[in-house]
Amino acid sequence: MIISAKTKLLCVIGDPIEHSMSPKMHNAAINALGLDYVYVAFNVKKDNLERAVEGFRGLNITGVNVTIPLKIDIMKYLDGIKENARAIGAVNTIKNENGRLIGTNTDGDGALAALESAGVNVSEHDTIILGAGGAARAVSHALSKKARTFTIAARRVEQAIKLAKDISNPSSTNKIQTISMNDKKKLEEQVKNSTLIINATPVGMFPKIDNCIIEKDWLPEKSVVFDLVYNPIETKLVKIAKQKNCTIVHGLDMLVHQGAKAFEWWTNKTPPIKIMKKEIIDFLSHSRKGS
Ligand code: NAP
């Protein structure tokens with residue numbers, strides 16, 4: 001990588017940010033395609049967010065990824081927000097379009113691309129998603145209209161109900177239902193009746209790698225299991241799903257695809273997915289703290 005006076009700047013902001021895998025993933029893609037960009041990370045505290053956004057304008061930065069805890073607060077400083085990010089209620093990617101900072105959210109499309117790359121056609125599935133936080137909101141927004149049926153399970157059922165309301169579309173024919181995760185009997189019954197099971201909670205994430213919300217007996221044979229958790233790559237849920245001959249979609253694939261969507265938007269180039277994925281696998285193999 002040769003940095004010149006013409007090199008365009010991409011970055012990720014968040015707090016903490018030191019363990020972000022995005023610089024490795026994006027710089028590998030930039031190098032593979034021989035592009036004149038560089039991707040760096042900035043630790044931005046919430047109190048400094050407005051000044052950071054002024055910095056993007058002042059320095060004419062090309063693109064920005066936004067991560068925890070800034071994805072919601074950033075919205076009020078942007079010049080435009082795409083419909084999907086507005087419905088999700090969070091922005092994870094910004095593009096500088098001739099001086100206007102436009103926000104979008106690539107998590108939902110990244111999830112859909114991860115499923116498609118595993119050969120999963122969401123429209124054929126009765127789907128249940130566990131969790132109703134930020135990631136669940138993005139994934140539910142992208143999948144609920146396509147899925148045959150869609151159920152949101154959360155331990156605070158009011159959070160699931162709010163999400164269902166926010167993403168409901170009067171023209172969509174499929175029903176979105178909500179259940180309380182605390183009602184174990186109902187949860188078991190719903191998982192048993194589902195063909196696509198998605199974990200969008202942090203349960204199973206390093207260091208508590210032996211935790212899993214779902215019991216092995218609940219998983220239908222040959223269903224599809226998608227765990228958003230990517231550290232470890234092989235979660236407890238993924239391990240039990242393999243024993244039930246399920247199709248597995250890894251959180252790692254969503255991470256790569258959401259990054260690839262941002263990369264494509266900024267550069268107008270087809271992202272080298274395999275190279276980006278290899279960087280993340282290498283990173284996770286050398287560090288237990290990737291985020
Ligand atoms: P979040 O906004 O904090 O939401 C977490 C959700 O999980 C909330 O609904 C929370 O419920 C629920 N939850 C937390 N602990 C739980 C438990 N022990 N039992 C049942 N429910 C529990 O977090 P997030 O940003 O959505 O992230 C969720 C997971 O997805 C994380 O592991 C994150 O690393 C992963 N993720 C992966 C990708 C990817 O590209 N693969 C992208 C984004 C996120 P309460 O509100 O009741 O606490």
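In this predicted model, Asn98 is exposed, because its relative accessibility is 82% and the cut-off for exposed is over 50%. The residue sits in the loop between β5 and β6. Its phi is positive, at about 50 degrees, although Asn98 is not a glycine. The loop is the turn of a hairpin: β5 and β6 are linked with two residues between them, and Asn98 lies in that turn.

The two arms of the hairpin pair in the antiparallel sense, with five bridges between β5 and strand β6, residues 100-104. Within this pairing, Glu97 stands opposite Arg100 of β6. Strand β5 covers residues 93-97, and four of its five residues are buried, so the strand is largely enclosed by the rest of the structure. Strand β5 also pairs with β3, again antiparallel, through three bridges. Here Lys95 of β5 faces Gly63.

Gly63 has a further partner. In β3, Gly63 is the bridge partner of Leu10. This contact belongs to the pairing of strand β1 (residues 8-14) with strand β3 (residues 63-66), which is parallel and has four bridges. These strands are part of an open sheet of six, in the order β2-β1-β3-β5-β6-β4. The pairing in the sheet is mixed. Its edge strands are β2 (37-43) and β4 (80-81), each of which pairs on one side only.

A second group of strands involves β7, residues 126-130. Five of its five residues are buried, and the strand is mostly covered. In a regular strand, side chains alternate between the two faces of the sheet. Both faces of β7 are covered. Asp126, Ile128 and Leu130 are buried on one side, and Thr127 and Ile129 are buried on the other.

Strand β7 runs parallel to strand β8 (residues 149-154), and five bridges join the two. Asp126 has Thr149 of β8 opposite it. Between these strands the chain passes through α5, and the resulting β-α-β crossover is right-handed. Strand β7 also runs parallel to strand β10 (residues 196-199), with four bridges between them. One of the paired residues is Ile129, whose bridge partner in β10 is Ile198.

The ligand is surrounded by 21 residues, of which Gly134, Ala135, Arg155, Arg156 and Gly251 come nearest. By type, the shell holds 13 nonpolar, six polar and two charged residues. Several close approaches involve oxygen atoms of the ligand. A polar side-chain atom of Arg156 lies 2.7 Å from a ligand oxygen. A polar backbone atom of Ala132 is 3.0 Å from an oxygen atom of the ligand. For Gln159, an N or O atom of the side chain is 3.2 Å from a ligand oxygen. Taken alone, the ligand exposes 920 Å², and the protein buries 74% of that area. Two elements give two or more residues to the shell, namely α5 (134-143) and α9 (251-267). The largest share, three residues, comes from α9.

Loops hold further local features. Asn245 resembles Asn98 in one respect: its phi is positive, near 55 degrees, in a residue other than glycine. Asn245 is placed in the loop between α8 and β12 (247-250). With a relative accessibility of 49%, Asn245 counts as partly exposed. Two peptide bonds are described here as cis. The bond from Asp15 to Pro16 has omega near 5 degrees and is cis. Pro16 falls in the loop between β1 and α1 (22-33). The bond from Asn231 to Pro232 is also cis, with omega near 10 degrees. Pro232 belongs to the loop between β11 and α8 (236-243).

Two other loop residues complete the account. Asp210 lies in the loop between β10 and β11 (224-227). Its relative accessibility is 59%, so Asp210 counts as exposed. The C-alpha atom of Asp210 is 29 Å from that of Asp109, and the two residues are 101 residues apart along the chain. Ala118 is located in the loop between α4 (107-117) and β7. At 33% relative accessibility, Ala118 is partly exposed. A distance of 37 Å separates the C-alpha atoms of Ala118 and Lys45, which are 73 residues apart along the chain.

Terms used:
Residues are numbered from 1 along each chain as its sequence is written. This is a predicted model: local features need pLDDT of at least 70, side-chain atom pairs count only at pLDDT 80 or more; totals for chains, interfaces and linings use all residues. Side-chain values use heavy atoms; hydrogens and water are left out. A residue is near a molecule or strand if one of its heavy atoms lies within 4 Å of it. A polar contact is a pair of N or O atoms within 3.5 Å; within protein, one must be able to donate a hydrogen and the other to accept it, and residues adjacent in sequence count only if both atoms are side-chain atoms. Accessible areas come from the Shrake-Rupley method with a 1.4 Å probe; for residues, only the protein chains shown count as cover. Ala, Val, Leu, Ile, Met, Phe, Trp, Tyr, Cys and Pro count as nonpolar, Asp, Glu, Lys and Arg as charged, and the others, Gly among them, as polar. Buried means under 20% relative accessible area, exposed over 50%, partly exposed in between (1.4 Å probe, protein chains only). Two strands pair if DSSP finds at least two bridges between them. A crossover is right-handed if, with the strands pointing away from the viewer, the path from the first strand over the helix to the second runs clockwise.
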